[in-house]
Amino acid sequence: MSNDPLLQPYQLKHLTLRNRIIVTSHEPAYPEDGMPKEKYRAYTVERAKGGVALTMTAGSAAVSRDSPPVFNNLLAYKDEIVPWIREMTDAVHEEGAAIMIQLTHLGRRTRWDKGDWLPVVAPSHHREASHRAFPKKMEDWDIERIIKDFADAAERMKAGGMDGIELEAYGHLIDQFASPLTNELDGPYGGALENRMRFCLDVFRAIRERVGNEFILGVRYTADECLPGGNGQAEGIEISKRLRDSGLIDYLNVIRGHIDTDAGLTDVIPIQGMANSPHLDFAGEIRAATNFPTFHAAKIPDVATARHAIAAGKVDMVGMTRAHMTDPHIVRKIIEKREEDIRPCVGANYCLDRIYQGGAAYCIHNAATGRELTMPHIVAKADVRKKVVIVGAGPAGLEAARVAGERGHDVVVFEAANNPGGQIRLTAQSERRREMISIIDWRMSQCEKYDVTFHFNTWAEADTIGAENPDVVIIATGGLPHTEVLTKGNELVVSSWDIISGDVKPGTNVLVFDDAGDHAGLQAAEFLAKAGAKVEIMTPDRSFAPEVMAMNLVPYMRSLQKHDVTFTVTYRLEAVEKSGNQLVAHIGSDYGGIARQHSYDQIVVNHGTIPLDELYFELKPHSSNLGEVSHDQLLQGQQQSVIRNPEGKFQLFRIGDAVAARNTHAAVYDGLRIAKDI
């Protein structure tokens, strides 16, 4: 047996967990009609195949109709969920893993105009900032009804074969009872801590009556709200001891912080540029104070930190949830002593930010996650070895090279720069986003493993490509900043890339006109502000930086507000002219009726990229498919067989921003789904 602390089994009541790594409860927003159908099941089972001890689904499944999901969650209040749960649990158990589910009532953390348009309920009328609904203050019959709903849902989950249930008690209804900031009830459920905890314990009692004493029950709860007037660390330790002493639960899953604002949520679930494992020591304090099984997860992205968490006795089970979205086979690779092959989580939080905007969770650089029905995590060998030439070593080109190499092809990559990375290398210039470079470093190490040949400082031309006698050519040349968006004065502005790269010296009074709404605009503004410039960010949209999304926006806002940056929405930069040593900005509005002028000494335009596609169009007449991609074959996972030019010498494809300005995930997805079928 291995001496690795992470690979030691753990006995939780009657349940033997095969190692110490878990995927904590989270909702990837893959349900269909509120049910965990094929897509959801495939995602969950993949992590079981990868060797994880316990996977928890649903963050969180709704137990009541007046707890409508604010994004696509499981609906545990429906009887029809049971057979779908059974199919998923059976499949997970076949892979040797345990599976649990998290149940919740959202309380005020939802909206009344979702689902059945029932009033939002909470133990006070205080609304939550993130979801904005003013709740109804709960009555006695609301409490009785919801306790029963929890028990009903738990019974369904046991019938579906779950190994246990975890209650969500941070930010949601149970926590809203526990916190003095959100509980203004009188009587048995309000006032002193004992009363505020009564709802949680009554829910657990009702569940125990339904599921019996052998079923695993746990709670993921706030042991320190980190809010003035809320439950602090002392109260959190007392809550932890009372939960333990209740005899109703089998483990504690510790959270520190609050999630009622974007900033609070981001501190609970930190993103890139923030400290790793910030609450691990605190979880260790709870474990020491309670001497009770303790779980914890919060930005523990690497095996070394997870191993320390177990070896040092901080926790009994360590959660690596986002890390498993990036690489579901972490445990298998540890067992096989291939930790260097683990795809690193870079903390980009593309996964969570997408669900909070109503999308499905996807990893920024593993396009197979959430697409297990169509995309492989492990690429199969090709029947015939081909010569594949790729132009461009950004995320799209490197993913295509990695996948083609794993397929067993002879792969050659040409890159004009002296280093790989493309726009990733640019964005990693920001200290907070330096983790992004791991997207490139990991692919380079994998390409080395598969003997991919690289030619850097090489401007590939048609003759360069032809000399390789390729079977397949993939153009991944990316794009260049598109700044010619004004009616006059395009030559007077600079791009966000100019500022981030340091190619252009920052001005002192700067306008950043950002109608792409992505990271580059905010990064440029932050570079300028830190250099001492007075900065205004202007956008024609009704909100700025929509592509950055909520949790990623938090550290930008903390920095930009600290530097007194001005944010101007719903105005459009239309033209620029020079006046002495100043630039006069002509400003209008899509809403009409506005014509203003304002002077700056530097104007930055962030308007995405325009494709670098000259080589593609030069090669197109010489290709067998004339660059055409069969969308049907692409989406069905079949080899591309389009022939429009029988005299053509190679298949030709282009991917990533060489097609159109998109993002890193789109570039990686392009590379994977083209190369996996070559």
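In helix α1, the buried residues (under 20% relative accessible area with a 1.4 Å probe, protein chains only) are Tyr-40, Arg-41, Ala-42, Tyr-43, Thr-44, Val-45, Glu-46, Arg-47 and Ala-48. That makes nine of twelve, so to speak a mostly covered helix. This is a predicted model, where local features need pLDDT of at least 70, side-chain atom pairs count only at pLDDT 80 or more, and totals for chains, interfaces and linings use all residues. Residues are numbered from 1 along each chain as its sequence is written, and side-chain values use heavy atoms, with hydrogens and water left out.

**Around helix α1**
- Helix α1 (a DSSP run of H or I, at least four residues, numbered from the N terminus) covers residues 38-49 and reaches 16 Å from its first C-alpha to its last.
- The buried residues of α1 pack against β3 (21-23), β4 (54-62), α2 (81-94), β5 (98-104) and α11 (321-326).
- Just after α1 comes Gly-51, with a positive phi of about 105°.

**The whole protein**
- The protein has 23 helices and 27 strands, strands being DSSP runs of E with at least two residues.
- Of its 678 residues, 61% count as buried.
- Contacts (heavy atoms within 4.5 Å) with a separation of 6 or more come to 71% from residues 24 or more positions apart.
- Along its principal axes, the C-alpha trace of the protein spans about 75 × 65 × 45 Å.

Key: Buried < 20%, exposed > 50% of the residue type's maximum accessible area, 1.4 Å probe, protein only. Expected span 1.5 Å × (residues − 1).
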